Amino acid sequence: MCANYVRDICEDKQGDIWIGTFRGLNKYMPLTDNFISYPNTSRNMLASSTSVWSLLCDNQGNIWIGTYFGGVNYYSPAINRFQYCYNSPNNSSKKNIISGFAGQIVTIALGIIIPRLVLLNIGSEANGLLSTVTQIFTYFALLEAGVGNAALQALYGPIGSNDTDQSNRILAATQFYYKRTGLLYLAGVLTVGFLLPLVVHSSFSYQTVFLVTILGGLGGVARYFAQAKYLMLIKADGRNYAETNISTIINILISVTKIILLCAGCNVVVIQAMYFGYSVLTSFVYVAYVRKSYPWLNLQVTLDLQALS
């Protein structure tokens, strides 16, 4: 072993024991009763610190090594190589903080103005219908069944080590699962659209409630079919600021358009159609951003479904 002072221990999927010490990393293989040492001076370990602080084995069998003031290393058994996960605190982190703060301010401001205009211009009944539809489709998020979290966890390693081939395979698998979710979501939207007008006691006609429901749900369908997989890539790459900026701009546009429509006396169906239109626009924006920022992206590859299991 590199040293006797052990800071952390973890077991990988092969049953090997990884031992982090203040002078390097060790692996104990019970089947052969052998040790392998990875001191900082080893060519196989790209650490910037001799001191291992923490260890983690993820669901894919990769080992994450946190060092003492030396950043994070990533070991992939598939390629038997260590990679250093670079951090850019002056870029992504600052952008994430600033955009997040600005987004919160805008959201709070619009949250004060819009509700009063809605009540004054379309009435409490229409507002109640919109709220009901929104609440129903909030529960539909459960259909995702953890695909997003699984995709994120699977992408962190390949993105951190610039393994574009594996990233493409994982994203292709993510797209496969999200398309299935989108189909289930669409079936749910149509079911709710046909049934809700029958159970809601309202002065609105069947057609009005049906259209409000369908338009309210189709935005979620567009999200699963077009933008969800790209959101996972953006988050795994630490570009949360991009998501925040896009959401903030779209929300501002939605709010301004909504104010105009309310003041013009448009009905609840037109307002809901406006929301759907911006959902489609958001998907196009994400597609354009990802295609420009990740030219290596190719989803026409073999799916790595195992990475998300």
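**View 1. Asp-237 and its salt-bridge partner in a predicted model.** Asp-237 has a relative accessibility of 26% and therefore counts as partly exposed, since that class lies between the buried limit of under 20% and the exposed limit of over 50%. Arg-239, at 22% relative accessibility, also counts as partly exposed. The side chains of Asp-237 and Arg-239 form a salt bridge, with 3.1 Å from N to O. The count of salt bridges in the model comes to 1.

**View 2. Helix α2 along its length.** Helix α2 covers residues 147-160, which makes 14 residues. From the first C-alpha to the last, α2 reaches 20 Å, close to the 20 Å expected at 1.5 Å a residue. A kink of about 25 degrees is found at Ala-154. The proline Pro-158 comes shortly after this kink. Beyond the helix follows Asn-162, with a positive phi near 60 degrees.

**View 3. The buried residues of helix α2.** Of the 14 residues in α2, 10 are buried, and the helix is mostly covered. Among the buried residues are Val-147, Gly-148, Ala-150, Ala-151 and Leu-152. Ala-154, where the kink lies, is also buried, and so is the proline Pro-158. Leu-155, Gly-157 and Ile-159 belong to the buried set as well.

**View 4. What covers helix α2.** The elements that cover the buried residues of α2 include two strands, β6 (63-67) and β7 (72-76). Helices α3 (164-199) and α4 (206-236) are also among the covering elements.

Conventions. Residues are numbered from 1 along each chain as its sequence is written. This is a predicted model: local features need pLDDT of at least 70, side-chain atom pairs count only at pLDDT 80 or more; totals for chains, interfaces and linings use all residues. Side-chain values use heavy atoms; hydrogens and water are left out. Helices (H or I, at least four residues) and strands (E, at least two) are DSSP runs, numbered from the N terminus. The expected span of a helix is 1.5 Å times one less than its number of residues. The bend at a residue is the angle between axes fitted to the seven residues ending there and the seven starting there. Buried means under 20% relative accessible area, exposed over 50%, partly exposed in between (1.4 Å probe, protein chains only). Contact means heavy atoms within 4.5 Å. A salt bridge is a side-chain nitrogen of Lys or Arg within 4 Å of a carboxyl oxygen of Asp or Glu.
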